[in-house]
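Work through the exercises below with the sequence and the model open. Try each task before reading its solution.

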Amino acid sequence: MNSSWSDQEALALAEAYAGKGVNEDLALRVYTSRLLGQDPRLVLHGGGNTSVKTKRVDLSGDVADVLCVKGSGWDMANIEPAGLPAVRLAPLLRLRARESLSDEEMVRHQRAYLLDPGSPNPSVETLLHAFLPHKFIDHTHSTAVLSLADQPEAAKLCAEVFGARMGQVPYVMPGFALAKAAAEIFENDPTVEGLILLKHGIFTFGDTAREAYQRMIEMVSLAEDRLAKGRKPVFIPRALPDRTATLAEIAPILRGACAIPETGGAWRRLVLDFRTSPAIRAYVDGAALESYATRGVVTPDHTIRTKNFPLVVPPACADDIEAFRGAAREAASRFIADYRAYFERNNRGQASPKKPLDPSPRVILVPCLGLFGLGRSKNDAAIAADIAVNTVETITGAEAIGRFEPLPEADLFDMEYWSLEQAKLGTVKEKPLAGQIAVVTGGAGAIGAATARLFKKNGAEIAVLDQEATAAGQTARHIGGGAIGIGCDVTDAASVNSAFACVAETFGGVDIVVSNAGAAWQGRIGSVDEALLRQSFELNFFAHQRVAQAAVAIMLAQGTGGCLLFNVSKQAINPGPDFGPYGLPKAATLFLARQYAVDYGRDGIRANAVNADRIRSGLLTDGMIAARSTARGLSEHDYMAGNLLGQEVTAEDVAQAFLHQALALKTTAGVTTVDGGNIAAALR
Ligand code: ZN
């Protein structure tokens, strides 16, 4: 591993921060924290921490000796000075004399001595940083170091690799006890340049930011050199099927298998994030996968993101998808039952009983395919996948030179259910569509975009499908939060199928479809050109059928129900003069919704329609509004608000109706009218 230190960059950052009242110590602390945080082989997603002992001015203007240490909730990769809250050093050091200190008390002390009470909570490893005398201290969960430290013979191996340059701390859970143990080991030999925390990670120290950082790089490089020595192909491959199923076929099956039914027809669903590479394939295709992959996490911190071990399913054989589905569902229920048993087993001895976390797996390993991260959002799924990829590397290294041996279950349980770790996950109330995946066709249009935006706001992952790929991408970017845009011609079956495959590959499946794409054709029905009528049927009826068909196939593979929503327009109920070519297929689509409700109710798939009218959109442009209101001798406002409520109806109002239908779990074959009130178009 090479050092990324640059005098020029360090100086530039120090100068930039000097103008903002940040001293050089803290500026350089930020600089090397970022260097460490940006390398996934060192830290991942909020893991690791760093500190500097310096002087800061408190709120009353007095200068205080402080420890600036990483605050919880900050990621080292993009940390700012505010992410390294300053804690008064002297009162922290006095805690050393205590016999014991509970985690809650420790947090109270750490918060009490903050210079600025508005700061985030200092790291749970603050006292470890405080009790060591060095000015700069860096802590990472280096992949290479963990390959050595997660071994039955870790102590001997680390002594060989690092010699007397590094002290060794046997595993103790982070907190007061670890801080004291680490300080004592350092004091036994104050010449060490850092500490190896067995089954946890590595600390390095220095008088300067550069020294602590470069020692980290040097120690990690020593570990890497050791792993490279006499390395053999680690995993003996298992027999694999000749034909492998596709990611798009496999993902919905696994997603469904890991969902957990809740009361009232609801499901607790997860979103998937897929990864593969030659290294991942070598790992998941190994004959002994069940053994090395399910021993535990590489560092205890990871357990809150990935649980202690992944779900392992049989190879994804294309010849018998149903058999794979059965086996995957069985494996998932076994995982869930095992997790519940693990909780019961370990909760029994707890002084204060814990509340069980959701028992679904967070990582799935699929021979002949790769691995999936799972989470209640795409973001959480990606974090779990990042950690899983890193785990593959660590365990591969460990097995290459010996045997991967992580902490025993009881220690991992303590970490998974540690109140301070749980706090990292936050207590934010989940949004109503969390864990669900929604596809919106005609997604770049006014109603489509408003609906996609509202669904995202309510927690769903979003795929915007639109005939215009660029517009789909733009709308998705605008919505943000990982929404994807896909160009899709809904009048073309291949285009629809490939769009849905892409959604399944990206998120793992689909739960809600808003079949919204449409266009208006006009003509007096007695003299209309049949080709025009067929063209309208193609988009305003057959496209809805095609989209629903593709969605239902995925929903059935998941086996967790689903929701089909159709935009049918007022024309389906109340035909307007010369609007036959538009109204007729829309009326057929209204019945299409009912047919899906009838045929798939037993599978938990609901089908509903929204009947909207006079919405400012691509179908009713500003120019058309001007022309029509003039023709009727009305102001634009009176034309648009010509309904019982006397108010213009917007795309956002239609989006609200779709959201309501998505959330009304006992409503199917329903039609919601969104037109401000038009008694002639009222359903009877
Ligand atoms: Zn750590």
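**Exercise 1. Register of a strand pair**

Find which residue of S16 is the bridge partner of Ala 463.

*Solution.* Start with the elements: helices (H or I, at least four residues) and strands (E, at least two) are DSSP runs, numbered from the N terminus. Strand S15 covers residues 461-466, and S16 pairs with S15 in the parallel sense over four bridges. That meets the criterion for pairing, at least two DSSP bridges between two strands. Now read the register: Ala 463 is bridged to Ile 484 in S16.

Next, take the faces of strand S16 (residues 484-487). Ile 484 and Ile 486 point to one face and are buried. Gly 485 and Gly 487 point to the other face and are not buried. Buried means under 20% relative accessible area, exposed over 50%, partly exposed in between (1.4 Å probe, protein chains only). In a regular strand, side chains alternate between the two faces of the sheet.

A note on the model. It is predicted: local features need pLDDT of at least 70, side-chain atom pairs count only at pLDDT 80 or more, and totals for chains, interfaces and linings use all residues. Residues are numbered from 1 along each chain as its sequence is written, and side-chain values use heavy atoms, with hydrogens and water left out.

**Exercise 2. The seven-stranded sheet**

Give the strand order of the open sheet of seven strands, and say which strands stand at its edges.

*Solution.* The order is S3-S2-S1-S4-S7-S6-S5, with mixed pairing. Strand S3 (86-88) and strand S5 (166-169) are the edges; each has a single partner strand, so one side of each lacks a neighbour in the sheet. Direction ignored, neighbouring strands are turned by 25° against each other on average. Helix H2 (residues 24-37) packs on this sheet, touching strand S1 (49-57), strand S2 (63-69) and strand S4 (136-140). The direction of H2 makes about 170° with that of S1. Contact means heavy atoms within 4.5 Å. Axes are lines fitted to C-alpha atoms, for helices over the stretch in contact, and angles run from 0 to 180 degrees between N-to-C directions.

Check one pair in detail. Strands S6 (residues 194-197) and S7 (residues 201-206) run antiparallel, joined by four bridges. Ile 196 has Ile 202 of S7 as its bridge partner.

**Exercise 3. The zinc site**

Which protein atoms are the donors of the zinc ion?

*Solution.* Donors are N, O and S atoms within 2.8 Å of the metal (3.2 Å for Na, K and Ca); water is not among the atoms, so sites may look incomplete. Here the protein donors are NE2 of His 139, His 141 and His 200, lying 2.2 Å from the zinc ion. Their spacing along the chain is H-x1-H-x58-H. Now place two of them. His 141 sits in the loop between S4 and helix H6 (143-149), and His 200 in the loop between S6 and S7, so the pair ties together parts that are 59 residues apart in sequence. Both His 141 and His 200 are buried.

**Exercise 4. Cysteines**

How many disulfides does a search of the whole structure find?

*Solution.* Apply the cut-off: a disulfide is a pair of cysteine sulfur atoms within 2.5 Å. The search finds zero. Take Cys 488: the nearest cysteine sulfur, that of Cys 502, is 10 Å away. Cys 488 is buried, at 5% relative accessible area. For Cys 563, the closest cysteine sulfur is in Cys 488, at 19 Å, too far for a bond. Cys 563 counts as buried at 3% relative accessibility.

**Exercise 5. Length of H20**

What span should the 15 residues of helix H20 (residues 493-507) have?

*Solution.* The expected span is 1.5 Å times one less than the number of residues. For H20 this gives 21 Å, and the end C-alpha atoms are 21 Å apart, which agrees. Buried residues in H20 include Val 496, Phe 500 and Phe 507. Gly 508 follows H20, with a positive phi near 105°.

**Exercise 6. Two residues compared**

Are Thr 451 and Phe 309 buried or partly exposed?

*Solution.* Thr 451 lies in helix H18 (residues 446-457). Thr 451 counts as buried, at 0% relative accessibility. Leaving aside neighbours within four places in sequence, Thr 451 contacts Val 514, Ala 655 and Phe 658.

Phe 309 lies in the loop between helix H13 (303-306) and S11. Phe 309 is partly exposed, with a relative accessible area of 31%. With the same neighbours within four places left aside, Phe 309 contacts Ala 293, Thr 294 and Phe 335.
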